[in-house]
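This briefing introduces one protein structure to a reader who is new to the subject. Please keep the sequence and the model in view while reading the points that follow.

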Amino acid sequence: MTGKFLAFGEIMLRLSPPGRELLMQSPRFDVWVAGAEANVATQLARLGHDVGFASRVPDNDLGRAAIDTLRGHGVDVRHIQTGGERMGLYFVTSGAGLRATEVVYDRAWSSFAEAPADAWDWDLILAGVDRLHLSGITPALGPVPAETAIAAAEAATARGIALSFDGNWRGKLWARWDGDPRAILRRIVEQADLMFGNHRDIALLLGRDDFAGEGEDRRRAAAEAAFQAFPRLRTIASTARHVEHVDSNRLSARIDTRDGYAQTDEVLIAGIVDRIGGGDAFAAGVLHGLRSGQDSLGAARTGLALAALKHSLPGDAALFRQADIDAFVAGGLDVRR
């Protein structure tokens, strides 16, 4: 029997022009509640897990809408604080054919980013929690959020709580300030038993340039180097994506442990509706599989299923149930009547 899962990070609003239009091509946007950690929490709650989310939003209609959305999906929102002046935003212009998807951030000075490091009562927030989930987006927001993310990781370790960490590299955010990503991220990964990231993420963490390129041998070598560098680390989950064009990708999933690795077959994802949030869906699927007692291959396949399904859904969060995962695994694409 597992305890409570808690995700910590910024919840935002995502704005996208309708269809495949360019930004401001017409004067309207589709709006979704967004954020990597919130996406993981949402999907796990939809799968029946006991899930909480800790964050900070402004005390206005935008903040309340975000809280209401998570609550509606079954997420415990008691640790979402209200305060500050603004909601973090980001804009997504969906690609098409040979035109790539483009992201514009508008999240500087958000309520979450401006929260002081001592705003978080970890004794209260982590009570009853058996796993804390963080991502590399929080420390990328600035020096105070970086301090907060490190404090959260260390608070979990001090209380015997497992930590999962998703690298979620965001170069545009790190470029806004003069932080040291390698040093900061290492301090978080040092506390983690489960990391979501590939050989390129490991190369960044370790300051290595010999993990470039593709191939199972290179990925295994990177994983073994990470296990050697981080004694608490037990599991590394990753995907490999081959982009044929914006509407057609091939995706596979992999889990490395200290004893070996499990690798799924590659699946073709055609007719992509929206790939944003696919990595969060993968993380949620792996966590769901592991928390449900699946072995590494089973968890990798569950992560791949949710990642692939997310490509069919507009917006940030995957919103699927166990029956959807089962149907994907079974391979039935006919109308369900």
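**Arginine 131 and its surroundings**

Apart from residues within four places in sequence, Arg 131 is in contact with Lys 4, Phe 5, Leu 6, Ile 161, Ala 162, Leu 163, Ser 164, Asp 193, Leu 194, Leu 287 and Arg 291. The model under discussion is predicted. The points below begin with Arg 131 and then turn to two helices, to the empty spaces, and to some residues in loops.

- Arg 131 belongs to strand β8, which comprises residues 129-135.
- The relative accessible area of Arg 131 is 12%, and Arg 131 is therefore buried, since the term applies to values under 20%.
- The side chain of Arg 131 forms a polar contact of 3.0 Å with the side chain of Asp 193.

**Helix α2**

- Helix α2 consists of twelve residues, 61-72. From its first C-alpha to its last, α2 reaches 16 Å, close to the 16 Å expected at 1.5 Å a residue.
- Four residues of α2 are named as buried, namely Gly 63, Ala 66, Ile 67 and Leu 70. Viewed down the axis of α2, the buried residues fall within an arc of 95°, so they line one face of the helix.
- The buried residues of α2 pack against strands β3 (30-34), β4 (51-57) and β5 (76-82), and also against helix α1 (36-46).
- Asp 61 and Gly 72 are exposed, and they are carried on the face of α2 turned away from its buried side.
- At the start of α2, the backbone nitrogen of Leu 62 has a side-chain oxygen of Asn 60 within 3.0 Å.
- Gly 74 follows α2 and has a positive phi, near 95°.

**Helix α12**

- In helix α12, which spans residues 322-330, the buried residues are Asp 324, Ile 325 and Ala 327. These residues cover an arc of only 165° around the axis, which puts them on the same side of α12.
- Ala 323, Val 329 and Ala 330 are exposed on the other side of α12.
- The elements that cover the buried residues of α12 include helices α10 (278-291) and α11 (296-310).
- Gly 331 comes just after α12 and takes a positive phi of about 85°.

**Empty space: cavities and the largest pocket**

- Rolling a probe the size of a water molecule over the atoms shows where empty space is left.
- The structure contains four cavities of 30 Å³ or more. The largest cavity holds about 80 Å³ of space.
- The lining of the largest cavity includes Arg 20, Val 92, Ser 94, Asp 247, Asp 274 and Arg 275.
- The volume of the largest pocket is about 1300 Å³.
- Of the 49 residues that line the largest pocket, Asn 168, Arg 170, Arg 241, Arg 275 and Gly 279 lie nearest its centre. Arg 275 is thus named in the lining of the largest cavity and in that of the largest pocket.
- Several elements each supply at least two residues of the lining of the largest pocket, among them β7 (102-106), α6 (171-174), α8 (199-206) and β12 (248-257).
- Strand β11 gives the most to the lining of the largest pocket, with seven residues.

**Residues in loops**

- Most residues other than glycine have a negative phi. Two residues in loops, Met 24 and Asn 168, are described below with a positive phi.
- Met 24 is not a glycine, yet its phi is positive, at about 65°. Met 24 is found in the loop between β2 and β3, and at 54% relative accessibility Met 24 counts as exposed.
- Asn 168 is likewise not a glycine, and its positive phi is about 40°. Asn 168 has its place in the loop between β9 (162-166) and α6, and at 14% relative accessibility it counts as buried.
- Leu 22 also lies in the loop between β2 (12-16) and β3. With a relative accessibility of 45%, Leu 22 counts as partly exposed.
- Leu 22 and Val 92 are 70 residues apart in sequence, and their C-alpha atoms are 9.3 Å apart in space.
- Leaving aside neighbours within four places in sequence, Leu 22 is in contact with Pro 17, Thr 93 and Arg 99.

Technical notes. Residues numbered from 1 in each chain as written. Heavy atoms only, no water. Expected span 1.5 Å × (residues − 1). Buried < 20%, exposed > 50% of the residue type's maximum accessible area, 1.4 Å probe, protein only. Arc of directions from axis to C-beta. Contact = heavy atoms within 4.5 Å. Polar contact = N/O pair within 3.5 Å; in protein donor to acceptor, adjacent residues only side chain to side chain. 1 Å grid on protein atoms, 1.4 Å probe; cavity = no way out; pocket = protein on both sides within 12 Å on 5 of 7 lines; lining within 4 Å. Points joined across faces, edges and corners; volume = space filled by probe spheres on them.
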